[in-house]
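Here's a quick tour of the model shown below, written for someone who likes to know which atoms sit next to which. Have a look at it first, then read on.

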Amino acid sequence: MATALTLPANLSLVEISAAATAPWRDLFAAPAQAHVPYRADTLSERNLLGARLDSAVTRAEGAVLLVAEGAGCFATAWWARLSPASYVSRVAGALFFDPIADEEENVESLMDTFASPRTRLPFPSIVLGRDDRRTALAARVQALADGWGSGMIAGSRSDVDGPLRRTRGIIARFTAGVVAREVRTGRALIGRVRPIR
């Protein structure tokens, strides 16, 4: 197994998942700062899920990297499209793992459950899907990625390390970009502050 990634100190990991364990958790050296359990069978559960995401993002010490899997990906996109800009602006990006688990999954039902404007997400995101490009499932996952404005990484389900290895490289570049962006922003702000005379 490859070495786990250490996120920059100014980047907080928030996960949205119903699973107690997931292979992507081995990607990171430290555990998520916050875990938002996925429950959305009722309107009350969806509202609570949104409130928990609001809380996790606003309590984070720095920029946020959201990591979601399965139906949690739909919930995260719904939250991002409907939440106040002041909350969403804290999100540096998102990783979506296997938003559609199998051919039989009712994507239309999930889209109805998490109805929101069909716009690109307000932050960069990557969908990690299966490497079965010739199936209808691959086309559906690609359509979701396109609708969210996400990049797409396909990988074999039987070789989890393959796509995760590529994901490690992308996350390393992504987190370096977050740090560089914050440095540029800081310099720009310092340049605009006029000394008091």
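Leaving aside neighbours within four places in sequence, which residues is Ser116 in contact with? They are Trp78, Arg81 and Leu82. Keep in mind that this is a predicted model. The rest of the briefing starts from that serine, then works through the strands, the helix pair and a second serine.

**Ser116 and its surroundings**

- Ser116 sits in the loop between α4 (107–113) and β5 (125–130).
- Its relative accessible area is 12%, so Ser116 falls under the 20% cut-off and counts as buried.
- One of the residues it touches is also a polar partner: the side chains of Ser116 and Arg81 make a polar contact at 3.3 Å.

**Strand β1, covered on both sides**

- All of β1 is tucked away: seven of its seven residues are buried, so the strand is largely enclosed by the rest of the structure.
- That goes for both faces, with Leu11, Leu13, Glu15 and Ser17 buried on one side, and Ser12, Val14 and Ile16 buried on the other.
- Val14 is a good residue to zoom in on: it belongs to strand β1, and its relative accessible area is 0%, so it is buried.
- Not counting residues up to four places away in sequence, Val14 touches Ala34, Val36, Ala56, Val64, Leu65, Leu66 and Val67.
- Val14 and Gln33 are 19 residues apart along the chain, yet their C-alpha atoms are separated by 5.9 Å.

**How the strands pair up**

- β1 (residues 11–17) pairs with β2 in the parallel sense, over four bridges.
- Two positions help you line that pair up: Ile16 stands opposite Val36 in β2, and Ser17 has Pro37 in β2 as its bridge partner.
- β1 also runs parallel to β3 (residues 63–69), and six bridges join the two.
- Within that pairing, Ser12 has Val64 of β3 as its bridge partner.
- β3 in turn runs parallel to β4 (residues 91–97), again with six bridges, and here Val67 stands opposite Leu95 of β4.
- As for cover, β3 is mostly hidden, with six of its seven residues buried.
- β2 (residues 34–37) has an alternating pattern instead: Ala34 and Val36 point to one face and are buried, whereas His35 and Pro37 point to the other face and are not.

**Where α1 meets α2**

- How do α1 and α2 sit relative to each other? The axes of α1 (residues 43–59) and α2 (residues 71–82) come within 10 Å and cross at roughly 70 degrees, and the two helices are therefore roughly perpendicular.
- On the α1 side, the contact is made by Arg46, Leu49, Gly50, Leu53, Asp54 and Val57; on the α2 side, by Ala75, Trp78 and Trp79.
- Sorted by class, this contact has six nonpolar residues, one polar and two charged.

**Leu53, a residue with contacts in several places**

- Leu53 lies in helix α1, and its relative accessibility is 0%, so it counts as buried.
- Beyond its neighbours within four places in sequence, Leu53 is in contact with Ile16, Val36, Leu66 and Trp79.
- Ile16 and Val36 are themselves opposite each other across the β1 and β2 pairing, and Trp79 is one of the α2 residues in the helix contact.
- Leu53 and Leu66 are 13 residues apart along the chain, and 9.7 Å separates their C-alpha atoms.

**Ser125 and its polar partner**

- Which residue's side chain does the side chain of Ser125 meet in a polar contact? That would be Ser150, at 2.5 Å.
- Ser125 is found in strand β5, and at 7% relative accessibility it counts as buried, because the limit is 20%.
- Outside the four places on either side in sequence, Ser125 is in contact with Ala94, Phe96, Trp148, Gly149, Ser150 and Gly151.

How values were computed:
Residues numbered from 1 in each chain as written. Predicted model: local features only at pLDDT ≥ 70, side-chain atom pairs only at ≥ 80, totals over all residues. Heavy atoms only, no water. Buried < 20%, exposed > 50% of the residue type's maximum accessible area, 1.4 Å probe, protein only. Pairing = 2+ DSSP bridges. Axes fitted to C-alpha atoms, helices over the stretch in contact; angles between N-to-C directions. Parallel < 35°, antiparallel > 145°, perpendicular 65-115°, else oblique. Contact = heavy atoms within 4.5 Å. Nonpolar A, V, L, I, M, F, W, Y, C, P; charged D, E, K, R; others polar. Polar contact = N/O pair within 3.5 Å; in protein donor to acceptor, adjacent residues only side chain to side chain.
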